[in-house]
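Student: I would like a close look at one part of this model. Please take the hairpin region with its cysteines and go through it residue by residue.

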Amino acid sequence: QVWEDVRKAPREVHVPGVKGPQGTTAGAELDEDTPGFGKHYCIPCARYFQDAIALSDHEGTKPHKRRLKMLMTTARPHNQRDAEAAAGIGAPDNGQKLRAQGA
């Protein structure tokens, strides 16, 4: 999910009116066990921050920039469908659908 969210426009990721951490598309309630109740989240680094200032400071750091560049320049990670296609398994082919021979 991170790979797709990094490439979305901020207005698509930060959906107004949705409860949950900023930077996620989840509709989860705010969590009191995470820093800042989970309001400020960095998608590329998968980290929560206490406030918006800490998040904006983090976005200027080298580790964040490296992670963001890596996610933006690398190819999409492989998934199960890719592995099955490489093994020659592919999607099941059940043949043509037969018409119902009804009344």
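Tutor: Here is the setting, followed by the loop, the cysteines, the aromatic pair and the histidine.

Start with the whole chain. This is a predicted model. The protein chain has 103 residues, and 20% of them count as buried. It holds 5 helices and 2 strands. Read from the N terminus, the order is α-α-β-β-α-α-α. The accessible surface is about 8,200 Å², with 53% of it belonging to carbon and sulfur atoms. Take the contacts with a separation of 6 or more: 27% of them join residues 24 or more positions apart.

Confidence comes next. The mean pLDDT of the chain is 76, and 70% of the residues reach 70 or more. Helix α2, residues 10-13, has the lowest confidence, with a mean of 62. Helix α3, residues 52-58, has the highest, at 91.

Now the loop. Strand β1 covers 40-42, strand β2 covers 47-49, and Ala46 sits in the loop between them. Ala46 is not a glycine, yet its phi is positive, at about 55°. Its relative accessible area is 48%, so Ala46 counts as partly exposed.

Turn to the cysteines. How many disulfides does the structure hold? There are 0. Cys42 takes part in no disulfide, and its nearest cysteine sulfur, that of Cys45, lies 3.7 Å away. Why is there no bond from Cys45 to Cys42? The two sulfurs are 3.7 Å apart, which is too far for a bond. The cut-off used for a disulfide is 2.5 Å. The two residues also differ in burial class. Cys42 is buried, at a relative accessible area of 2%. Cys45 is partly exposed, at 22%. The line between these classes is drawn at 20%.

The aromatic side chains give another view of the strands. The structure holds 1 aromatic pair. Its members are Tyr41 and Tyr48, with ring centres 4.7 Å apart. Their planes meet at 50°, so the pair is classed as tilted. That class lies between the limits of 30 degrees for stacked and 60 for edge-to-face. Burial again separates the partners. Tyr41 counts as buried, at 17% relative accessibility. Tyr48 counts as partly exposed, at 31%.

Finally, look at His58. This residue belongs to helix α3, the helix with the highest confidence in the chain. His58 is buried, with a relative accessible area of 8%. Which residues does His58 contact, leaving aside its neighbours within four places in sequence? They are Cys42, Cys45, Arg47, Phe49 and His64. Both cysteines discussed above are therefore in contact with this histidine, by the 4.5 Å heavy-atom criterion.

To put the part together: Ala46, with its positive phi, lies in the loop between β1 and β2. Tyr41 and Tyr48 form a tilted pair. Cys42 is in no disulfide, and His58 touches both Cys42 and Cys45.

Technical notes. Residues numbered from 1 in each chain as written. Predicted model: local features only at pLDDT ≥ 70, side-chain atom pairs only at ≥ 80, totals over all residues. Heavy atoms only, no water. Helix = DSSP H or I, 4+ residues; strand = E, 2+ residues; numbered from the N terminus. Buried < 20%, exposed > 50% of the residue type's maximum accessible area, 1.4 Å probe, protein only. Areas by Shrake-Rupley, 256 points an atom, 1.4 Å probe, with all protein chains shown as cover. pLDDT = per-residue confidence, 0-100. Phe/Tyr/Trp six-rings, centres within 6.5 Å; stacked < 30°, edge-to-face > 60°.
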